[in-house]
Structure formats: structure tokens, C-alpha cells
Amino acid sequence: MQRLRSDIWCAAFVRRHNDLGRMCVIARRGDPVAGQIWVEVDHLNGTSSLFVPAPSATSDGLERTFQLRYDKVEPLTIRERIAREVDFDPDLWVIALDLRNGDPGLEVVNS
């Protein structure tokens, strides 16, 4: 069984957050089938966090798990890191989520 396509996963993630009244958009579209997905969280206080794919903790590889790469840092730090990754991997997806408090709705594993 294959993992859910990146474009479908991103669309569902954005819709779920927007349905909850949060501002969430696809900031960058990548490969629709297998592009990596990064989630940038704006904490609405001048800081941002970045979640990136984690090595899969499940044996079947179907779950999308993330790890926290940057926690509450200057937004420029995250934008620069995303730009470097796009140079390396142009298939990258980036989701931007405004979230003052609360759960970003990602399965996060410790790195």
C-alpha cells in the first residue's frame, strides 16, 4: 500500500486548519505525488517554528511523521532554510500556518 499523495495530504491539512478558523495556506507547491512537505508555523508574536519530515517510525511507511527543526526562531531563519532546501530539492511543498497557541495537527517524533 502506498502513502497518500503529497498534494492530497496538503489539501486536507490546509482545509482542516481553515475549517478550525486558522489561517493556513500552501506557500509552495512541489511534486504532487511524492514531494517532501515542510510546515512553517507563525506564532503571531514575531517567531516561527519549522516542522520537517522525520524518518518514519512506522514499519509500513504510510504515516507522515515530522520533527521540529526550529522552535520559535526569527522568521528569516526559517525562510533562509527553506530557500536552501528548494535549491537542493525543487519538489518541496511548504505549508504556512498561523497558530498562536495549540497543536499544529502533526504527528511529531523526537529526533
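**One helix, three strands and two cores**

In this predicted model, helix α2 has a buried set made up of P75, I78, R81, I82, E85 and V86. Looking down the axis of α2, these buried residues fall within an arc of 140°, so they line one face of the helix. On the other side of α2 sit D87 and F88, both exposed. The cover over the buried residues of α2 comes from several strands, including β1 (24–28), β2, β3, β4 (65–73) and β5 (93–98). As for its length, α2 covers residues 75–88, and its 14 residues should span 20 Å at 1.5 Å a residue; the end C-alpha atoms are indeed 20 Å apart, so the two figures agree.

Next come the nonpolar cores. The largest has 15 residues, and those with the most contacts inside it are W9, F13, I37, V39, F66, I95 and L106. At least two residues of this core come from each of α1 (6–19), β2 and β5, with α1 giving the most, 4 residues. Take F13 as an example: leaving out neighbours within four places in sequence, F13 is in contact with C24, V39, I95, L97, P104, G105 and L106. There is also a second, separate core of 8 residues, and among its members are L50, V52, I82 and V86. Two of those names, I82 and V86, also appear among the buried residues of α2.

Strand β3 is mostly covered, with 5 of its 6 residues buried. On one side, β3 is joined to β2 by 4 bridges, and the two strands run antiparallel; here V41 stands opposite S49 of β3. β3 is also joined to β4, again antiparallel, by 5 bridges, and S48 has V73 of β4 as its bridge partner. Between β2 and β3 there are 5 residues, and the two strands form a hairpin. In the turn, L44 has a positive phi of about 60°.

That same stretch brings in H43, which is placed in the loop between β2 (37–42) and β3 (48–53). Is H43 buried or exposed? With a relative accessible area of 10%, H43 falls under the 20% cut-off, so it counts as buried. Apart from residues up to four places away in sequence, H43 touches S48, S49, K72, L99 and R100. For one of these, L99, the backbone oxygen lies 3.5 Å from a polar atom of the H43 side chain. Two others, S48 and S49, turn up in the strand pairing as well: S48 is partnered with V73, while S49 stands opposite V41.

Terms used
Residues numbered from 1 in each chain as written. Predicted model: local features only at pLDDT ≥ 70, side-chain atom pairs only at ≥ 80, totals over all residues. Heavy atoms only, no water. Buried < 20%, exposed > 50% of the residue type's maximum accessible area, 1.4 Å probe, protein only. Polar contact = N/O pair within 3.5 Å; in protein donor to acceptor, adjacent residues only side chain to side chain. Contact = heavy atoms within 4.5 Å. Expected span 1.5 Å × (residues − 1). Arc of directions from axis to C-beta. Core = buried A, V, L, I, M, F, W, Y, C linked by side-chain atoms within 4.5 Å. Pairing = 2+ DSSP bridges.
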